[in-house]
Amino acid sequence: MTTASTGDPMVRAVDLHKRFGPVTALDGVSLDVAAGEVVAIIGASGSGKSTLLSCLNHLSPPDKGEVWVGGKRAGGDPAARLSRRAVEADLRRFRADIGMVFQHFNLFPHFSVLQNLIEAPMAVRGRSRAEATEHARALLAQVGLADKEKAFPAELSGGQQQRVAIARALAMKPAVMLFDEPTSALDPELVDEVLRVMRDLARQGMTMLVVTHEMSFAEDVADRLVFFDRGRIVESGPPREILRTPQHERTRSFLQRLLRRGA
Amino acid sequence: MNVALLAEYGPALLEGFVTTLLLSAIVLAIATPVGALLALMRESGQPILAAAATVYVSVFRLVPALLVLFFTFYAMPQFGIRFSPMGAAVLGLSIIGSAYLSEDIRGGLSAIDAGQYRAAKALGLGWGHTMRRIILPQAIPIILPPYITRAIIIVKSTSLASIVAVADLTGQAVRAASITYQPFPFLITAGLLYLAISGLLAVFQAWAEHRVSHERRVALRTRQAGAT
Ligand SMILES: Nc1ncnc2c1ncn2[C@@H]1O[C@H](COP(=O)(O)OP(=O)(O)OP(=O)(O)O)[C@@H](O)[C@H]1O
Ligand SMILES: [Mg+2]
């Protein structure tokens, strides 16, 4: 069923539930992601894809369920009976190990590109400025923006901003990268430069969960495609199979709608 | 005649002016951090802290400042807490001022996109660092113009202190006027001196607003380049 993995999965989500008032955003989601695996998540608007990502790094914690990343449980070992303060501290460390890339980049507009990249590594990881700067420069080169370290976010195109945002997440040396529709806010001609960076990252063996409407990216890059509907995983498997021969009616109608839109 | 009178009461007016400056400075120095604390409490997401701050702010924005001053000056001694006129005025005006200032500060904080908090949190940054390095540097330019408007209102409201026997600029001017039966020169002089303080603040505000509108343009460009 799922890709066989050696040892523990890099990400393990067990029976996640999340409600917002009357809305059930996650209705019992379990998901294992192996180290180096790329999982693409698709599904209709409001189906709970973003909620899943923010539960995984506990940006907004699930009402019920557990998340493990790299063998560590979010919020620490429940048997240790940590104080609330200790749980918060554990969650901060937990989040620091998970890179997140947002639809609208969310760069810090008052910081230069370089400062965007070194702020958290210095504050959270305790790296020296020199160390953080050296790593940041290497990352900027990797995303093709070596000449932009002094620029401010406002001076960059959307595609450049998103590449800076990816580099900012990578600067924390995360175990996993979460992408929430990273190209949805971009003009069409800027999409490819961002997908190229993500493709490189996947090739280097980064474990990635990508919420996306870019079906060709999902097909080419993802090891597994997960289809979300009304807070549940309806279907999951190799992208090609799901895209060619979807098993569920909901998946079929979603893919048809997507095709009709000419995506 | 007017000149002679002004010369005679000049020192008293000057003393009043200094008292007004001092009172304004002390009230702002207290009300600003308290107002900031109240705003942070309301934005903290901690239900009890937020509720306590909301009650405080609502109450002290809805009751007359003069009533609060009367309370600190006349009513508190009944509970054995006695203040000098200046002390009562500082306390009363700071209570009211902090409630208003917290609203201005909160307005600036809520202008910051929620995505900034999310991005900082996702990077593992704590609340204090996020506020100090990410949120406040963006919020302060937005807060500054309404803050100065409020500061001007607070400076003017210090004239209420004259009613609880503080010899501030208004107090001294009214005293001279009632002794000499010549209200005109003293009230005009007091008015001009208030105008000088407020005017200075207004000039600072104009400069700050110019700076902010520049930063807004930059921020707007960010958003246009970002979200479609
Ligand atoms: N903070 C919130 N407060 C209230 N309701 C929310 C909140 N976040 C999400 N929801 C609701 O939860 C459901 C799932 O939302 P979610 O954002 O996870 O969907 P999504 O699959 O990411 O959709 P989209 O493709 O539009 O981004 C929706 O009904 C949404 O309205
Ligand atoms: Mg979403």
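**Entry 1: strands 3 and 8**

I looked up the pairing of strand 3 (residues 38-43) with strand 8 (residues 207-211) in chain A of this predicted model, and I find the two running parallel over four bridges, where strands are DSSP runs (E, at least two residues) and helices are runs of H or I with at least four residues, both numbered from the N terminus, and where two strands pair if DSSP finds at least two bridges between them. Within this pairing, A:Val38 has A:Met208 as its bridge partner, and A:Val39 has A:Leu209.

On numbering and scope, I note that residues count from 1 along each chain as its sequence is written, with chains lettered from A and ligands numbered from 1 in the order in which they are written. Local features need pLDDT of at least 70 and side-chain atom pairs count only at pLDDT 80 or more, while totals for chains, interfaces and linings use all residues, and side-chain values use heavy atoms, with hydrogens and water left out.

**Entry 2: strand 8 and its sheet**

Next I followed strand 8 of chain A to strand 7 (residues 176-180), to which five bridges join it in the parallel sense; one of the pairs there is A:Val176 with A:Thr207. I then checked burial (buried is under 20% relative accessible area, exposed over 50%, partly exposed in between, with a 1.4 Å probe and protein chains only), and five of the five residues of strand 8 of chain A are buried. A:Thr207, A:Leu209 and A:Val211 lie on one side and A:Met208 and A:Val210 on the other, so that both faces are covered.

The sheet in chain A is open and has six strands in the order 6-7-8-3-9-10, with mixed pairing. Strand 6 (98-101) and strand 10 (232-237) of chain A are at the edges with a single partner strand each, so one side of each has no neighbour in the sheet.

**Entry 3: ligand 1**

I turned to the shell of ligand 1 (residues with a heavy atom within 4 Å of it), which includes A:Phe20, A:Val23, A:Gly48 and A:Glu181. Looking for polar contacts (pairs of N or O atoms within 3.5 Å; within protein, one must be able to donate a hydrogen and the other to accept it, and residues adjacent in sequence count only if both atoms are side-chain atoms), I noted oxygen atoms of ligand 1 at 2.6 Å from a side-chain N or O atom of A:Ser45, at 2.8 Å from a polar side-chain atom of A:Lys49, and at 2.7 Å from a side-chain N or O atom of A:Ser50. Helix 1 of chain A gives the most to this shell, with three residues.
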